Amino acid sequence: MRKDTHAITYPRFLLRVIGQSFEGSWRFYLWMTVLTAIALVGANAWAHQLAEGMQVTGMSDHVSWGLYIANFTFGVGLAAGAVMMVIPAYLYDDHEMHDVVILGELLAIAAIVVCLLFIVADMGRPDRFWHILPGIGRFNWPISMLTWDVIVLNGYLLINLHISGYLIYTRYLGRKPDRRWYLPFVFLSIGWAVSIHTVTAFLYSGLGGRPFWNSALLAPRFIASAFITGPAFVILLLQLVARLTRFRVGDGPIRTLTSVLRVTVLLNLFMLGSELFTSLYTGGTHGAAVTYLFFGLHGKAALVPWIWSAVALNVASAAILHLPASRRSRAWLDAACVAAFAGVWIEKGMGLIIPGFVPSTLHEIVEYAPSMAEWKITAGIWAVGLMVLTIAIKVALTVLTGELSVEPRGRADRAGTAERAGEPAAAEGS
Amino acid sequence: MTQPSRRVALKVLGGTLGASAFAHAMEPLRAWSKDLSLDQFLQRHYKELTRDEIGEVIHRHEQQTREEYGREVTIRDVRPQEGVQFGYALSLSVCIGCRKCVEACHVENNHDRRTNNSYIRVLEMEQGSFDMEKGNATYEHAVPAKGKYYLPVQCQQCDNAPCVSVCPVQATWKEPDGIVAVDYDWCIGCRYCEAACPYHARRFNWTKPEIPADEINPDQGYLSNRIRPQGVVEKCTFCLHRTREGRMPACLEACPTGARVFGNLLDPGSELRWVLENKRIFVLKEELGTRPRFFYFFDV
Ligand code: SF4
Ligand code: SF4
């Protein structure tokens, strides 16, 4: 195919992809309807928050960031982890892992969408969004770490959109992807993945007035937990894809990802322990926030159940992953993944953001609990993320399996291109 | 052919339902966007506006206050004076913790009445300790209490202000006379500055401020006490609408004990300079390197 025809084939590709996003089995429709409903509840809560002000949240001048920023932080980890786990694919030239790459990229895209939505949800004045656009507003770069975050997150989104878009489009055209057009970007995105989580950690660790965050260990801790959530999510995702579609990647990737997890869950616990020791043994101001988090302070203990659940989940996942059972049984492995995911969600979410504010800079203890509105908006944003992920994976798999291709006789000759993957079951059975 | 056409019909139905549900969900935004004019939306940063443009913006704000709060007010854009660097000092030996300054700030700066907001917090500290953890900001008993001293804290107008560094859109900055100001019409409400400030000096407008018309202070500054919009951050401005015209901050005027000393750091004859040169002064959290312009001292 000649280059100049891309102007025609590409829009047509996009159109067909969009059409494809609305096709599916009853299960697909049900899933998307449920997600849409949750997203709508969130949208409604957000509209109220905008109209009535952020008094509808549980936040205050003492705890001025809450559930939104907690989820944002966790989401960045997920986005970073989704791509960092492709490192083995290229470093060790693990061919089976290559098939997982595209899933990782798509997960990263969905996670970044989630992060950006959480930032918007947290803004008091989203109508002034353009103030933060470089060149149009007043971009306080390079001084403000938040501007760095804007750059790395959006850059990351673009890189991953390019990689997955390119891979899917060439497959749609029935051509072999040109390594020069995606391999450098894959490496770039791996490095970039580290940067998004590092910059996000610097957002907090750079604040001298918040001793709980002001630790050099924060960025490494963030990276370690990214290496938990990314692989854990992808292990579950691969099994789901295997069950719902006929796309197969074999057991190799799951085994690789499990070995990554085995190391990172321990690493994460180790670093948490180091932080705990340093603050509790030394005591003082740094200790106050940690004491509040784990044991409560002056009778206030709102975070105690949260953090101990996180510790329990993290320890449980580490234990299960090192039991022989997790090797033999998928159910145990899945349980470990779910536990690890949930544990990090708390530890690098609420457990990280809230103690930065309690006790406050004047050592007042004002507690925070998310309001109903915050829960609704949070659920809504995750629902949107899952919708993005579902559609992205569905489209990707239909193309990768040859179901959707530029050839008008795509259906007739798909046997040729789909020998390895098979067609997705999602397209049938309605 | 019935199968595909039924499918299409269902899809159209689903799409319509979805769209109308979305419109319904977003309904509360209608009232919110009514208050938002195009001029307001496109308004540029304070520092990029010409004097004429600021005049227009001020006119719009005065009109809005009339419509929404039922009060005639005058908003002035008072600029810093040449050769003035503001500083503030407070005697911890004299302060009795009566919170008259807190109240005066509340009234002067048109704070929200429901939340009883103020830029000043007074900590009741334990005699012989400088540990804020032993402090209490919510004491309700008669003052001064035995064995206690009082530590009022407000914006320290840091020379190396973390709140200014972290703001992603330069909505907050250091003025030439040392005051850290906020452009309420430019702030995006991310509250990063609130997280960065080590002195709990910043406040967010969690809702639209509520003030009865007869309680509104009509003498307003563009960068200081004009009624703030919902969803933006605000802070103490050393009452720049007063102090830039040679008056004293409201908190100082309200203080019954004379614990507060305000003035021009560059004026060798000022009382402030005398205090700085003759008293043993210190600043809060000096180790953070924020270089405050707010000094504390003990008289004895
Ligand atoms: S006290 Fe806080 S708000 Fe005031 S200048 Fe310093 S950092 Fe900024
Ligand atoms: S809340 Fe406003 S002033 Fe504070 S950092 Fe964000 S944009 Fe800047």
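How many residues of the shell around ligand 1 are nonpolar, how many polar and how many charged? In this predicted model, the shell around ligand 1 divides into ten nonpolar, two polar and two charged residues. There are 14 residues around ligand 1, and those that come nearest are C155(B), Q156(B), C158(B), C163(B) and C197(B). Readers following along in the structure may find these five residues of chain B a handy place to start.

The surroundings of ligand 2 can be described in a similar way. Its shell contains nine nonpolar residues, one polar residue and one charged residue. Cysteines in this shell are C167(B), C187(B), C190(B) and C193(B). Ligand 2 is also surrounded by P168(B), V169(B), A171(B), I188(B) and V233(B), together with G189(B) and R191(B). With Cys counted as nonpolar and Gly as polar, G189(B) is the polar member of the shell and R191(B) the charged one.

Turning to the surface, D39(B), D52(B), E53(B) and E56(B) form a negative patch. Helix α4 of chain B, which spans residues 51-69, supplies the largest share of this patch, with three residues. One of the patch residues placed in helix α4 is E56(B).

The backbone also has some details worth a look. In chain A, W141(A) and P142(A) are joined by a cis peptide bond with an omega of about 5°. P142(A) sits in the loop between α5 (95-122) and α6 (145-173) of that chain. Chain B has a cis peptide bond from V143(B) to P144(B), where omega is near -10°. Here the proline, P144(B), lies in the loop between β3 (121-126) and β4 (148-153). Finally, N110(B) is not a glycine, yet its phi is positive, at about 50°. This asparagine, N110(B), belongs to the loop between α5 (100-108) and β3 of chain B.

Methods
Residues numbered from 1 in each chain as written. Chains lettered and ligands numbered in written order. Predicted model: local features only at pLDDT ≥ 70, side-chain atom pairs only at ≥ 80, totals over all residues. Heavy atoms only, no water. Near = heavy atom within 4 Å. Patch = residues over 30% accessible without salt bridge, like charges linked within 9 Å, V, L, I, M, F, W, Y side chains within 5 Å. Areas by Shrake-Rupley, 256 points an atom, 1.4 Å probe, with all protein chains shown as cover. Salt bridge = Lys/Arg side-chain N within 4 Å of Asp/Glu carboxyl O. Lys, Arg positive; Asp, Glu negative; His and termini not counted. Charge placed at Lys NZ, Arg CZ, Asp CG, Glu CD. Helix = DSSP H or I, 4+ residues; strand = E, 2+ residues; numbered from the N terminus.
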